[in-house]
Amino acid sequence: MSCAYILTLSCPDRTGIVHAVSGFLLERGGNIEEAAQYNDHGTGLFFMRVRFACGDQDEPALREQIAGLAQTFGMRWKLHLAAQPMKTVLLVSKEGHCLNDLLFRWKSGLLAIDVRAIISNHRDFYQLAASYNVPFHHIPVTAATKVQAEAKQLEIIEAEGAELVVLARYMQILSNDLCTQLAGRAINIHHSFLPSFKGAKPYYQAHDRGVKLIGATAHYVTADLDEGPIIEQDVERADHTDTVEDLTARGRDTETQVLARAVKWHSEHRVLLNGHRTVVFR
């Protein structure tokens, strides 16, 4: 019986990589269903994502043989079962638009994720979590309890085997240690007013300045606040007739769409890190 896999890789660019990968799969009875590649001339790196079906080799055998190919080209690579949803933990505070949107898309079969738990520093969304039959963990965070709270969060994340952590409007700054623990598997969403409008009530600040564009940015979490590799961004026009409420509502809609696209692409293994940037094979 044929099984579908997704192979992602990056390595120093040189001639023959695509030929070697496609030939490798052909020799093992693999049928390529989707393929994308990118040559970064600035860094000299090559990136590739291949979805293929293969019935002649099981997963352990494929991994062992890919490791040999990777060594020849100095590849960093990952192999995933295409049908396996990505175990995910969602973090949220008191704004639930992104949480509600992700849960709906997940249950509608629009996202290749498996939401294992919701963690919040407030109790506001325990009923929403229950309606989706997702365990809800209330972990209050104060300056005095931050270390212990993050230890509990990480314990839940690891116990659930989470490959993805989504900060769906989680309004606590993660410590450098937790950012390191979640490197490459945590996505945050914020309004694109940063850094122009930092702090509380960004939409009020934007309204006071008469902005003409509002937007949102989804990025990987790093110790540098809101400066991680960007996965997706979008903007909406604004004008002098917009109230603060108009900007807030439109901004929330944009945040949900941008975060959903970032989660979708990450869960489908379409995002490869390229230093401080990303390669996104849409």
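**Exercise 1. Helix 3 and its sheet**

Task: In this predicted model, find which strands helix 3 lies across, and work out the order of the strands in their sheet.

Solution:
- Start at residues 97–107, which make up helix 3. This helix lies across strand 5 (86–92), strand 6 (113–120), strand 8 (164–167) and strand 9 (186–191).
- Now compare directions: helix 3 runs at about 155 degrees to strand 6.
- Next, trace the sheet. It is open, has 7 strands in the order 7-6-5-8-9-10-11, and its pairing is mixed.
- At the edges you will find strand 7 (136–138) and strand 11 (230–237), each pairing on one side only.
- Neighbouring strands here are turned by 20 degrees against each other on average, direction ignored.
- Finish at one edge: strand 10 (residues 213–220) runs antiparallel to strand 11, and 7 bridges join the two. Look for A216, which stands opposite D234 in strand 11.

**Exercise 2. The two sides of helix 5**

Task: Decide which residues of helix 5 are buried and which are exposed, then say what the buried ones pack against.

Solution:
- Take the length to begin with. Helix 5 (residues 146–159) has 14 residues and reaches 20 Å from its first C-alpha to its last, close to the 20 Å expected at 1.5 Å a residue.
- Then sort the residues: A149, E150, Q153, L154, I156 and I157 are buried in helix 5. Because these residues cover an arc of only 160 degrees around the axis, they sit on the same side of helix 5.
- A reminder helps with this pattern: an α-helix has 3.6 residues a turn, so residues three or four places apart point the same way.
- Turn to the other side of helix 5, where V147, E155 and A159 are exposed.
- Now look for the partners. The buried residues of helix 5 pack against strand 5, strand 6, strand 7, strand 8 and helix 6 (176–181).
- Just after helix 5 comes G161, with a positive phi of about 65 degrees.

**Exercise 3. The sheet of strands 1 to 4**

Task: Lay out the strand order of this sheet and place helix 1 and helix 2 on it.

Solution:
- The sheet is open and antiparallel, with 4 strands in the order 2-3-1-4.
- Strand 2 (31–40) and strand 4 (76–81) are at the edges; each has a single partner strand, so one side of each lacks a neighbour in the sheet.
- On average, neighbouring strands of this sheet are turned by 10 degrees against each other, direction ignored.
- Strand 2 pairs with strand 3 (residues 45–54) in the antiparallel sense over 9 bridges. To check the register, find I32, whose bridge partner in strand 3 is F52.
- Helix 1 (residues 17–27) packs on the sheet and touches strand 1 (3–12), strand 2 and strand 3, its direction making about 15 degrees with that of strand 3.
- Helix 2 (residues 59–73) lies across strand 1, strand 3 and strand 4, and runs at about 160 degrees to strand 4.

**Exercise 4. Helix 1 close up**

Task: Identify the buried face of helix 1 and its packing partners.

Solution:
- I17, A20, V21, F24 and L25 are the buried residues to mark in helix 1. They lie on the same side of helix 1 because they cover an arc of only 125 degrees around the axis.
- H19, L26 and E27 are exposed on the other side of helix 1.
- The buried residues of helix 1 pack against strand 1, strand 2, strand 3 and helix 2.
- Just after helix 1, G29 takes a positive phi of about 75 degrees.

**Exercise 5. An aromatic pair**

Task: Describe how the rings of Y5 and F52 are arranged.

Solution:
- A pair of aromatic rings is described by the distance of the centres and the angle of the planes.
- For Y5 and F52, the centres are 5.5 Å apart and the planes 25 degrees apart, and the pair is stacked. The cut-off for stacked is under 30 degrees.
- Place the partners: Y5 is in strand 1 and F52 in strand 3, 47 residues apart, so the pair links distant parts of the chain.
- Both Y5 and F52 are buried.

**Exercise 6. One residue in helix 8**

Task: Determine whether A262 is buried or exposed, and list its contacts.

Solution:
- Locate A262 in helix 8.
- A262 counts as buried because its relative accessibility is 0%.
- Leaving out residues up to four places away in sequence, A262 touches I187, A218 and I231.

Key:
Residues numbered from 1 in each chain as written. Predicted model: local features only at pLDDT ≥ 70, side-chain atom pairs only at ≥ 80, totals over all residues. Heavy atoms only, no water. Pairing = 2+ DSSP bridges. Axes fitted to C-alpha atoms, helices over the stretch in contact; angles between N-to-C directions. Contact = heavy atoms within 4.5 Å. Expected span 1.5 Å × (residues − 1). Buried < 20%, exposed > 50% of the residue type's maximum accessible area, 1.4 Å probe, protein only. Arc of directions from axis to C-beta. Phe/Tyr/Trp six-rings, centres within 6.5 Å; stacked < 30°, edge-to-face > 60°.
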